[in-house]
Amino acid sequence: MTRRLILFGLLVLSSSYAYLQDTIPSGTAVDTTKIDTIVIRATQYKIKAVPRGIRFINPVISFNDTKVLSEPYKPFVIPSFWSKENKLGLNISEVAFVNWNAGGENSISAIVNLKFARNYKFRNFTWDNEAILRYGINVQEDREPRKTEDVIRLASSLGYRRDTLSKWYYSINTKFNTQFTDGFKYPDRDNPISTFMAPGYLFFGGGPSFVPEGKNFNLYLSPTTVKATFVLDQTLANQGAFGVKRAEYDTAGNIIKKGEKKFIEFGVLVTNTWEKEIATNINMNHRLSLFTDYIRRFGNIDVDWELNFTFKVNDLFEANLGTQVIYDDDIRFDQVISDTGNVIDPGVPKIQFRQVLAIGLAYSF
């Protein structure tokens, strides 16, 4: 641009000079001053190229709209395919009397529940693990403590499905049940009718499982299941308790051959678990197990059915109402055995029923 201004100035000067020469008459003295250099200066400003669509806004910082966080800040956590549950429950009931005309006995009962669950799920694979421990005791005035609850239950299930849309899994299932301490037919405390690993039940098998997404429902069908019954207490094994082969005696009542401590069955197992919130703060838990043996008595079904309702009061307290029904042809009642060990009456199987109503502490950690 500077060059253009210089050229324009030179053209103007040269035109003016030619005009002066043409207008001056000849013979007139003219002051001839030679112009050697012409310098024209102009201020040069830097050109600023501004792209279209750009708005220049001066940033303004203001804290007028700043608010306090209503919830604690939660940092980002890497997602895990494992889910866990740790739950502790303590139910206590107590009755006390002082100069009570209607009569009664002071008593206190307590039941402790522990549940641990570790479940893995990623695309086509699932692996569910559960441990349930329960123990209850009742103490009354002028009477020794009595057991009211005793459960050890371990379960593990591994499943695979062909695609992520399918509700059917190919599953391998393992379950184990036993108890903590001796069980008695009160008031007899000298002859236990059960103890730790007497009985102990182990189920192992495989088959399809129907597991709808997000329904807390599991239906397991296993046509190939091994059921092992353990009676590790020799006294109970000699009596043939829980289906094991009893001891052999001579005519004098001496043991010729000890009773066996295990009993193996092979058959069909069907299990079903279902958890559902049937109303606000009321949760139902259903668990059913059906087993029949192929070889001994096919069609004779062993039943173990639990139905529990949980009434949630708040985050720490809840009430529980539960029932359990058991029928096992190998568990017989009212047996009559002679002093020499001969079985006079083998007894009969009976339906076992248990009902619990309690309110207490429930803490998840």
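The predicted model contains two helices and 18 strands. Of the 365 residues in the protein, 24% are buried. Among contacts with a sequence separation of 6 or more, 54% join residues that lie 24 or more positions apart.

Several of the strands can be followed as a paired series. Strand 11, formed by residues 282-293, and strand 12, formed by residues 302-312, run antiparallel and are joined by ten bridges. Within this pairing, S289 stands opposite D304 of strand 12. Strand 12 also pairs with strand 13, again in the antiparallel sense and over ten bridges. Here E306 has Q324 in strand 13 as its bridge partner. The connection from strand 12 to strand 13 is a hairpin of four residues.

The chain beyond strand 13 was examined at D329. This residue belongs to the loop that lies between strand 13 (317-327) and strand 14 (332-333). D329 has a relative accessible area of 10%, and because this value is under 20% the residue is classed as buried. The side chain of D329 makes a polar contact with the side chain of R297, at 2.8 Å. When residues up to four places away in sequence are not counted, D329 touches R297, N300, D302 and P349. R297 is thus both a polar partner of D329 and one of the residues that D329 touches.

The nonpolar interior was considered next. The largest nonpolar core comprises 14 residues, and those with the most contacts inside it are Y201, F203, V231, L236, F242 and L269. Strand 6 (200-210), helix 2 (234-238) and strand 10 (262-279) each contribute at least two residues to this core. The surroundings of one core residue, L236, were also listed. Apart from neighbours within four places in sequence, L236 is in contact with P192, I193, S194, T195, A198, V231 and A241. Among these contacts of L236 is V231, which is likewise named among the core residues with the most contacts. Another core residue, F203, takes part in an interaction with a charged group: the charged end of K175 sits over the ring of F203, 5.1 Å from the ring centre.

Aromatic side chains were then compared across the model. A search of the whole structure finds 16 aromatic pairs. In the case of F210 and F217, the ring centres are 6.4 Å apart and the planes meet at 75°; the angle is over 60 degrees, so the pair is edge-to-face. F210 has a relative accessibility of 24% and therefore counts as partly exposed. F217, at 23%, is also partly exposed, because a value from 20% to 50% falls in that class. A separate grouping of rings is formed by F81, W82, Y120, F122 and W127, which make up one aromatic cluster.

W127 of this cluster is also found among the contacts of L158. L158 is located in strand 4, which spans residues 146-160. With a relative accessible area of 43%, L158 is partly exposed. Leaving aside neighbours within four places in sequence, the residues in contact with L158 are T126, W127, Y170, S171 and I172. In addition, L158 and N173 are separated by 15 residues in sequence, while their C-alpha atoms are 6.6 Å apart in space.

Definitions and conventions: Residues numbered from 1 in each chain as written. Predicted model: local features only at pLDDT ≥ 70, side-chain atom pairs only at ≥ 80, totals over all residues. Heavy atoms only, no water. Phe/Tyr/Trp six-rings, centres within 6.5 Å; stacked < 30°, edge-to-face > 60°. Buried < 20%, exposed > 50% of the residue type's maximum accessible area, 1.4 Å probe, protein only. Lys NZ or Arg CZ within 6 Å of the ring centre and 35° of its normal. Polar contact = N/O pair within 3.5 Å; in protein donor to acceptor, adjacent residues only side chain to side chain. Contact = heavy atoms within 4.5 Å. Core = buried A, V, L, I, M, F, W, Y, C linked by side-chain atoms within 4.5 Å. Pairing = 2+ DSSP bridges.
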